[in-house]
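Visitor: I'd like to understand how people put labels on the parts of a protein. Could you walk me through one?

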Amino acid sequence: MSKIIYTKTDEAPALATLSFLPIVKAFTNTAGVSVDISDISVAARVLAEFPEYLTEEQRVPDNLAELGRLTQDPNANIIKLPNISASVQQLKAAIKELQSKGYALPDFPDEPKTEEEENIRKRYGKALGSSVNPVLREGNSDRRAPKAVKNYARKHPHSMGEWKQWSSTHVSHMHSGDFYDGEQSMTLDKARTVRMELLLEDGTTKVLKPEIALLDKEVIDLMFMSKKALLEFYEREMEDCREAGILFSLHVKATMMKVSHPIVFGHAVRTYYKDAFQKHGALFDELGINVNNGMASLYDKIKELPTSLQEEIERDLHACQVHRPRLAMVDSSKGITNFHSPSDVIVDASMPAMIRSGGKMWGADGKMYDCKAVMPESTFARIYQEMINFCKWHGNFDPTTMGTVPNVGLMAQKAEEYGSHDKTFESSDAGIARIVDVDTGEVLMEQAVEKGDIWRMCQTKDAPIQDWVKLAVRRARESDTPVVFWLDPYRPHENELIKKVKMYLKDHDTDGLHIEIMSQVRAMRYTLERVARGLDTISATGNILRDYLTDLFPILELGTSAKMLSVVPLMKGGGLFETGAGGSAPKHVEQLVEENHLRWDSLGEFLALTESLEHLAKNDNNAKAQVLADALDKATEKLLINNKSPSRKTGEIDNRGSHFYLAMYWAEELAAQDKDSELKAQFTPLAEQLQRDEAAIIKELNDAQGKSVDIKGYYLADEKLAEQVMRPSTSFNEAIASL
Ligand SMILES: NC(=O)C1=CN([C@@H]2O[C@H](COP(=O)(O)OP(=O)(O)OC[C@H]3O[C@@H](n4cnc5c(N)ncnc54)[C@H](OP(=O)(O)O)[C@@H]3O)[C@@H](O)[C@H]2O)C=CC1
Ligand SMILES: O=C(O)CCC(=O)C(=O)O
Ligand SMILES: [Mg+2]
């Protein structure tokens, strides 16, 4: 029997799965395809890490490790939904919830003091930040808007805020002392084992990473961000922002750059509240407050203090605000600012949202204002300013006419920043940070750092680069679209990549293809000139720009990146099919719990399933699977045309209603086709039944809405209760069961 693994993740996609998966299982079963679920939610990953703290019945397998192994199997066929990349706050909340449910997990040690606590902290660290995607993404990324989706967006454009030429909104980044400024890079001449060490001023060395095995032809980079330069930058930009009277907003990606960016975030918070931190710093340290995890953790911790002291601290914090710019808000109705949590404002989603709104963000009064978008690291920040310049000059983009920008992204085998987490350090002392060959003692790269600087090493293996070039050429050929490699010759790492790209392009037939290499700002300008004229351009980028561009363009073109096709052709031959390019939409869970309406759009799941079935049909020679895939493709298009995607409004069709329509259209298409008479016979009665009962089922699904529901948990909801909530129509459930 052919097999698809469908991941269970978190938040809105996990809820949607409860409604959609029974439909998928029933339909695919007719083609001899089994769909197994693999739970890789934060809760499951935490539980898998601590079996010795749990009873026999409570233990769960390490599904993520198992899936990681499966990616090496040429038969792998995995559908991966978005999952939470947890901040410390989220992880602690998950642990607390699990403990309250009787799982005797250890507390999360904020500041480990003993060896045991150190060990626990390390183990919890495995569930922090972006820890699922780098394990599963054993291939490069192919993300694009399918034709039907793009055509739909052209006919039914989403709203766009207006860009004014006099908008004060701009991007601020460092000009020196950042990772871009201090980067060094080299391509290895042979396989080597290296160590990362800090040569201290007293002549002793501190080994930070004793052994890193590197392959021949691998590209490695060493870079650092100066704490001093960063603090000066913040001070200058906060003052500039206050004078300009616009909102200050900090855009980092603390989930993906999970070691470096929380530190960068923490410095911004401490600079903003400098006076209060000077006065209460010692007490904050005593309380174990670490604002790298956001102000929410500070407000939480000071609750332990006597009321008078707590009030004094709050007063002092508020007093700082008088001399500082107003902060952009995440939720103005709840007083949640940009500094609340490092994972609330994530570059890939937050910058496009701001650009889509005509360069505005929310102020504390619930109104929208121009802002200073602060992205300290300049490496990729400049592309956004280029887009802002373009919008100010040409006006906002028009979704009815604009071209599309698919992406081919380098990310396999933990390429670039994905692999840097265990090689990123906050320097404890001044000294020379260096990479040394363990066997020969050669110093491969070195740079002087000061106490508090963040320094890191990234690695990019050669095989993924070759695969990336191949994928870019394939996409250019298949879609007859020009490709631009966004590579900056002034950046040492990318200069190494340029050499490789030029070399590996020769391995392919590029006759008649339009392939260029441009620095990022030029690439952005070139692409935008084309976008505005309705022309399409593939962006071939490194890992970070893969992330940034695959939210940026879809959000402008389609309103959301949830409608993207996101395929990862695994290097070993299997397929990983991701569902959209966005995240797990925490706000949607809130609406479900309060009003029993889930506005999550499963279009990404529909597209991924189609691709997965098609891949399986080819790999397993399963003709029925191909018939299912073709029918699903048509059903998805019908769903778009008939406007059966979830509405944002309670009482109108939501995720569940949308799943009903998909099932009905899918059955109709299977009943209408003549390639497989068995499937035709099986699905004709179902299609008729669903058509007959359509109004009654939709009424049942919509009538269930409007009241709050309790699914008894956030990270580990009661599966039975949640399933009841997500499958409220008995007649629909019975129809599906009857297949
Ligand atoms: N592949 C992955 O596993 C990814 C995981 N993440 C993780 O997801 C979490 C949340 O990330 P965040 O930055 O808030 O971004 P999200 O993409 O989750 O949410 C941003 C907004 O996008 C809209 N949206 C996203 N997906 C859908 C959908 N399927 N249907 C309808 N609307 C959608 C929603 O807008 P509205 O509220 O207006 O309806 C939502 O509020 C984090 O933990 C992050 O690390 C993030 C990106 C990718
Ligand atoms: O891995 C993550 O944390 C998020 C990844 C992401 O945003 C993406 O793949 O677009
Ligand atoms: Mg992203």
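**Asking how we know**

Guide: Let's start with N596, which counts as buried because its relative accessibility is 6% and the cut-off for buried is under 20%. One thing to keep in mind is that this is a predicted model.

Visitor: Where is N596, then?

Guide: N596 sits in the loop between helix 19 (586-595) and helix 20 (603-619).

Visitor: What makes the link from the side chain of N596 to the backbone oxygen of A704 a polar contact?

Guide: The distance there is 3.0 Å. A polar contact needs N or O atoms within 3.5 Å, one able to donate a hydrogen and the other to accept it, so this pair gets the name.

Visitor: Why do E162 and K164 count as a salt bridge?

Guide: Their side chains meet at 3.3 Å, N to O. The rule asks for a side-chain nitrogen of Lys or Arg within 4 Å of a carboxyl oxygen of Asp or Glu, so the pair qualifies. As a general idea, side chains of opposite charge can pair when their charged atoms come close.

Visitor: Are those two buried or exposed, and how do you know?

Guide: E162 has a relative accessible area of 51%, and exposed means over 50%, so E162 is exposed. K164 has 33%, which falls between the cut-offs of 20% and 50%, so K164 is called partly exposed.

Visitor: What about K274 and E235: how do you know they form a salt bridge?

Guide: Their closest N and O atoms are 2.8 Å apart, and the limit is 4 Å, so the name fits. K274 lies in helix 10 (residues 274-286) and E235 in helix 8 (residues 227-244), so the pair ties together parts that are 39 residues apart in sequence. K274 is partly exposed at 35%, and E235 is partly exposed too, at 27%.

Visitor: Why is K423 called buried, and what is D422 called?

Guide: K423 has a relative accessible area of 4%, and buried means under 20%, so that one is buried. D422 is partly exposed, with 41%. The side chains of these two meet in a salt bridge, at 2.9 Å from N to O.

Visitor: How many salt bridges are there in the whole structure?

Guide: A search finds 63. Some link up: D142, R144, R474, R475 and E478 are joined in a network of salt bridges.

Visitor: What makes strand 10 and strand 14 a pair?

Guide: Strand 10 and strand 14 (residues 368-374) share 4 bridges, running in the parallel sense. Pairing needs at least two bridges, so they make the grade. L247 stands opposite C371 in strand 14. In strand 10 (residues 247-250), L247 and S249 point one way, while F248 and L250 point the other way, and all are buried.

Visitor: Which residues surround ligand 2, and how do you know that R137 makes a polar contact with it?

Guide: The surroundings include S85, N133, R137, K253, Y418 and R546. An oxygen atom of ligand 2 is 2.8 Å from an N or O atom in the side chain of R137; the limit is within 3.5 Å, so that counts. For the side chain of R546 the distance is 3.0 Å, and a backbone N or O atom of A581 is 3.4 Å from an oxygen of ligand 2. Taken alone, ligand 2 exposes 290 Å², and the protein buries 89% of that. Sorted by class, its shell has 2 nonpolar, 4 polar and 6 charged residues.

Key: Residues numbered from 1 in each chain as written. Chains lettered and ligands numbered in written order. Predicted model: local features only at pLDDT ≥ 70, side-chain atom pairs only at ≥ 80, totals over all residues. Heavy atoms only, no water. Near = heavy atom within 4 Å. Areas by Shrake-Rupley, 256 points an atom, 1.4 Å probe, with all protein chains shown as cover. Nonpolar A, V, L, I, M, F, W, Y, C, P; charged D, E, K, R; others polar. Buried < 20%, exposed > 50% of the residue type's maximum accessible area, 1.4 Å probe, protein only. Helix = DSSP H or I, 4+ residues; strand = E, 2+ residues; numbered from the N terminus.
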